[in-house]
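Me: Could you take a close look at the ligand site for me? I'd like one connected walk through it and then on to whatever else you can tell me about the interior.

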Amino acid sequence: MPLSAPLSAVPGDLPAYVYDLAALDAHAAAVRAALDGVELYYAVKANPDAELLRVLAPHVDGFEVASGGELAHVRALFPDTPVALGGPGKTDAELLADVTRLHVESPSELRRLLAPGPSRRRPADVLLRVNLDVPVEGASLAMGGGATPFGMDPDGVAECLDLLSPPGGHDGRGPDGHGPDGHGPDGHGPVRLRGIHAHLASGLDAARMLELAAAVLDYARGLGVTEVNLGGGMAVSYTDPVARFDWKTYGEGLAALRRPGEVLRIEPGRALTVYCGRYVTRVIDVKRVHGELFAVVAGGTHHIRTPATKGHDQPLAAWTSAGGPGGHGEPVTIVGQLCTPKDVLARRVPVRLEAGDVVEFAMAGAYAWNISHHDFLMHPEPAFHYR
Ligand SMILES: *Cc1c(COP(=O)(O)O)cnc(C)c1O
């Protein structure tokens, strides 16, 4: 059960997030090395922590952001790094932001982009986000393969292509021959179609991800575009914290699928940063209620909402124990300080815990602190440590 020894020097100020930047650096380098000729963007929403972004920056070709807030954050840290902006429900300000790639999510969003107005000053390089009707069963989250608010079905994409073709126009090819060119009715900066974006599912293994990639590439080639962003969603297993997505197989598969002249890009989030973070806290109380043993720890799901939102048990990395280091015992349910039955970090874990013991939760480097409802009950925030 213990994945590693307890952190050598447990910070005194618990609860705390502890990030292993050296491990992140090594992991990102390995992912990069597995991707031959494929562009790698990091999906910032997984964890926008500036220290993590600084470690990732040399390994990635760019960052994918999902809001104006993330865009401003990334721009302030890395003014010259390519950025792709996506996400449903973009405001006008977001649509008009100066980004390397804009992922258009609906025909009406494209209409707003093409609308005349003084604000449309600069060109926009657009990928159309498609939701293909492909099977995504087995995924932990499905953004495509059925009715979802993400992207467009092929009819929506066809509508966009019509909008981008100038009336009575030419053959629909842009000056670079890479796709249709759209101009606002007032002739302001062109909206250039660069290709297709697809982020269809998360939690699939390399073989399934390659099947999806093949389907998306077929579709893109049918439209005559040569740039394809295949999204993120590479599988992460919270029940097997030492397992890793098979980046080598995925990279080799993508290299085999890619044709000369095509630009392929991926934008993983979770699979890059989840492993580098731990949430470390201390047991405040242990009690038995109607026969069941509970350990109440400082903090809880307002610091690490992941187990509540995913409905899983957050894996333990290490713990000190009344029964000695990593001592086992009667199953205990580890809960936080919130006055809600949903504040459960892990159910019926066979470890022996007493008040004062330190508990370290693994896989807290993505979708953890930054997705949590920090203000609920007004407990203090955790400390943050980087090593
Ligand atoms: C969230 C998201 C990602 C990253 O997904 P992970 O599961 O964290 O890899 C990539 N692209 C888009 C469009 C997203 O919404």
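Reply: Start with R270: one of its polar backbone atoms sits 2.8 Å from an oxygen atom of the ligand. Bear in mind that this is a predicted model. G233 makes a similar kind of approach, with a polar backbone atom 2.8 Å from a ligand oxygen. E267 works through its side chain instead, where an N or O atom lies 2.7 Å from a nitrogen atom of the ligand. As for cover, the ligand taken alone exposes 390 Å², and the protein buries 90% of that. Altogether 14 residues surround the ligand, and K45 and Y367 join G233, E267 and R270 as the closest.

Now for the interior. The largest nonpolar core counts 103 residues, and L128, W247, Y250 and I266 have the most contacts inside it. Helix 7, spanning residues 206-223, is the top contributor with 9 residues. Since domain 1 (82-268) and domain 2 (275-386) both supply residues, this core lies between them. Y250 shows how the packing looks up close: leaving out residues up to four places away in sequence, Y250 touches L35, A206, M209, L210, L230, M234, F245 and I266. There's also another core apart from the big one, made of 6 residues, including L14, V18, V280 and V358.

One last stop is A255, in helix 8 (residues 247-257). A255 is partly exposed, since its relative accessible area is 30%, which falls between the 20% and 50% cut-offs. Its C-alpha atom is 7.5 Å from that of V38, although 217 residues separate the two along the chain.

Methods
Residues numbered from 1 in each chain as written. Predicted model: local features only at pLDDT ≥ 70, side-chain atom pairs only at ≥ 80, totals over all residues. Heavy atoms only, no water. Core = buried A, V, L, I, M, F, W, Y, C linked by side-chain atoms within 4.5 Å. Buried < 20%, exposed > 50% of the residue type's maximum accessible area, 1.4 Å probe, protein only. Helix = DSSP H or I, 4+ residues; strand = E, 2+ residues; numbered from the N terminus. Domains from an automatic or database assignment. Contact = heavy atoms within 4.5 Å. Near = heavy atom within 4 Å. Polar contact = N/O pair within 3.5 Å; in protein donor to acceptor, adjacent residues only side chain to side chain. Areas by Shrake-Rupley, 256 points an atom, 1.4 Å probe, with all protein chains shown as cover.
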